[in-house]
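User: I have a model open on my screen and would like to walk through its backbone oddities, helix packing and ligand site. Could you help me read it?

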Amino acid sequence: MTTIFGNPGSTELPMLGGFPEDFRYVLGLQESVAVGMADGFAQASGTVGHVNLHTAPGVGNGMGAIFNAQANHSPLLVTAGQQARSLMTLQANLTNRDAARMPHPLVKWSYEPPRAADVPHALGRAVHLAGLPPRGPVFVSVPMDDWDAEADATGAEHVTGRKVEGRSAPDPKVVRSLAARLAAARSPALVVGPDVDAAGGWDAAVELAERQRLPVWAVPAPGGGRIGFPEGHPAFQGILPPAVGPLGETLAQHDVVLVLGSSVFPYYPNIPGPPLAEGTELVVVTSDPDEAARAPMGDAVVADVALALHALNAEVPAAEREPPPSRLAPEEPPVTEPLNPAAVYRVLAEVLPTDGIVVLESPSSTLALRNQMRLSAPGSYYFGAGGGLGFGLPAAIGVQLAQPDRPVVCVLGEGSAQYAIQGLWTAAAYEVPVTFLVTRNDEYAILKWFAGLESVEGAPGLDLPALESAELASAYGVPSRRASTLDEAHAALGEAIASAGPELVEVPVSPGMALA
Ligand SMILES: Cc1ncc(C[n+]2csc(CCOP(=O)(O)OP(=O)(O)O)c2C)c(N)n1
């Protein structure tokens, strides 16, 4: 952990003094940016990310992003400064009067050490907890005068030298019975969630699907923070709908459904119905005991998803059943003016190299992007599973810092871009070569769609006239351009992806939902 994201204040300066030369500090101009960058970095590097915030108001600004990190199972050490111990009781300015309680429901562990000498141990404990399954954010508040105190040298040496391994394999008995259940099934299916990619189980999931001839579904898009299976693979069937009834219906054709690395399920709109059809059985493998326990149906196995897949692959026979039907190639979207988002994503699919990474936060066209691009490489997709806007822009910067050799394109609705817009400054200042593609429809399109679903009429505040993202980018030091036709989009995106610095391309798109 040699990269620290943050936004400093007087309570953090003692920590940053004498900053080691082999560390890098990445400044975010607002805490939601700093946390979002650390989230993307942690997910794309597979290591624990570190973000340092400014006492109570800094933590407050970062809370929405910490919520997102929790939903993303992103291993994050969040530290914050605090008033000096001698001034905390009289509540001098900037005292966080209940620091450990503040981010409480959003983190796995929240702590303010009782003595300065305990800080190294608390930080060590926090880092290990963040990285253990279920991975997620942890919080440590450090009073500012602690940095001048003597650490317990022997103790500090021991706590910094520890390794804590958290991947656990499933019980072999359970694996054998699951393998037998799959092999005996008439029409089994696989549902892949974000933890397949995070656990490094991508190839093993492909092997299981091919060996057992399983059709593969992705978990509903709102909870699909990462893609767990190549979406251009012939076995891939599509993305499950996010509502209870329709999801249950989609899986009704299967007698055994094996869910990997997800909650059951990341539902969103309230469309009731049976969650599972009669005759369908479900088993989920997840490293998160809470996901296992709170599933409303089916059996659960708590284990590392990749290890479980390897164990299953060693047990299941090659199936004789018919291979699953192949999904049709994405339809060519009509060329409209302004462009349909699906047409823009088709262009992006053409220009993005196969190792390219997409970080997505363009709510009304999520499904269109997934369908047109059919991303098919591990670690190629990041999406804010928590649903809090402001994840995409900074996360893309963190992803790019963790994966400097892969091109990163951050696709943003012009509304979504505003929640952490200051991140553009960081991309420019640190020369992080993310391509920002802003799909501009001058509205909160998905909210208008939801208004229809919820039978809401006359809601105010759903239009976004005159929001000039390209000009905002220039103000933050990111070169920008507008592209209105397919050819212009092709050229602008190709050049932006190839360039050595960040660029923003704004494309006006048609209003409304883009479902395919
Ligand atoms: C922090 C936060 N505030 C508000 C929302 C509610 N919300 C969900 S989608 C959306 C509109 C996004 O607009 P835009 O990025 O332009 O995308 P479009 O819907 O037009 O595709 C809003 C405001 C949210 N998800 N997160």
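User: Let's begin with the backbone. In which loop is the place of H73?

Analyst: Happy to help, and please keep in mind that this is a predicted model. H73 is worth a look since its phi is positive, about 50°, although H73 is not a glycine. Follow the chain past α3 (55-71) and stop before β4 (76-82): H73 sits in the loop between α3 and β4.

User: Which residue does a cis peptide bond join to P133, and where does that residue lie?

Analyst: The cis bond has an omega of about -5° and links P133 to P134. To find the spot, look between α5 (119-131) and β6 (137-143), where the loop holds P134. The residue you asked for is P134.

User: What is omega near for the peptide bond from V264 to F265?

Analyst: You will find F265 in the loop between β10 (256-260) and β11 (281-286). The bond leading from V264 into F265 is cis, and its omega is near -15°.

User: Now for the helices. Are α7 and α12 roughly parallel or oblique to each other?

Analyst: Helix α7 covers residues 172-184 and helix α12 covers residues 305-315; their axes are 9 Å apart and the packing angle is about 60°. Angles under 35 degrees count as roughly parallel, and 65 to 115 as roughly perpendicular. The angle of about 60° falls in neither range, and therefore α7 and α12 are oblique.

User: Which residues of α12 make the contact with α7, and how does the contact divide by class?

Analyst: The crossing of α7 past α12 is right-handed. On the α7 side the contact uses V175, R176, L178 and A179, while α12 brings A311, L312 and E315. By class, this contact has five nonpolar, no polar and two charged residues.

User: How are α9 and α12 oriented to each other, roughly parallel or oblique?

Analyst: Helix α9 (residues 202-212) and α12 have axes that come within 9 Å, crossing at roughly 30°. The cut-off for roughly parallel is an angle under 35 degrees. The crossing is left-handed, and α9 and α12 are therefore roughly parallel.

User: Which residues in α12 does α9 meet?

Analyst: From α9, the residues involved are A204, A205, E207, L208 and R211. Sorted by class, the contact of α9 with α12 has five nonpolar, two polar and two charged residues. In α12, the partners are L309, H310, L312 and N313.

User: What about α13 and α19: is their crossing left-handed or right-handed?

Analyst: Helix α13 (residues 341-351) and helix α19 (residues 486-498) cross at roughly 40°, and their axes come within 9 Å. That angle makes α13 oblique to α19. As for the hand, the crossing of α13 and α19 is right-handed.

User: How many nonpolar residues are in the contact of α13 with α19?

Analyst: A343, V347, L348, E350 and V351 of α13 take part, together with L486, A489, H490, L493, G494 and I497 of α19. Among the classes in this contact, two residues are polar and one is charged. The nonpolar count is eight.

User: Last stop, the ligand. Which residue has a backbone N or O atom 3.0 Å from a nitrogen atom of the ligand?

Analyst: The ligand is surrounded by 16 residues, and the closest are S364, G387, S416, N441 and I446. A polar backbone atom of G415 is 2.9 Å from an oxygen atom of the ligand, and a backbone N or O atom of E443 also lies 2.9 Å from a ligand oxygen. For the nitrogen atom, the residue at 3.0 Å is L389.

Technical notes. Residues numbered from 1 in each chain as written. Predicted model: local features only at pLDDT ≥ 70, side-chain atom pairs only at ≥ 80, totals over all residues. Heavy atoms only, no water. Axes fitted to C-alpha atoms, helices over the stretch in contact; angles between N-to-C directions. Helix = DSSP H or I, 4+ residues; strand = E, 2+ residues; numbered from the N terminus. Parallel < 35°, antiparallel > 145°, perpendicular 65-115°, else oblique. Left-handed = near helix turned anticlockwise from the far one by under 90°. Contact = heavy atoms within 4.5 Å. Nonpolar A, V, L, I, M, F, W, Y, C, P; charged D, E, K, R; others polar. Near = heavy atom within 4 Å. Polar contact = N/O pair within 3.5 Å; in protein donor to acceptor, adjacent residues only side chain to side chain.
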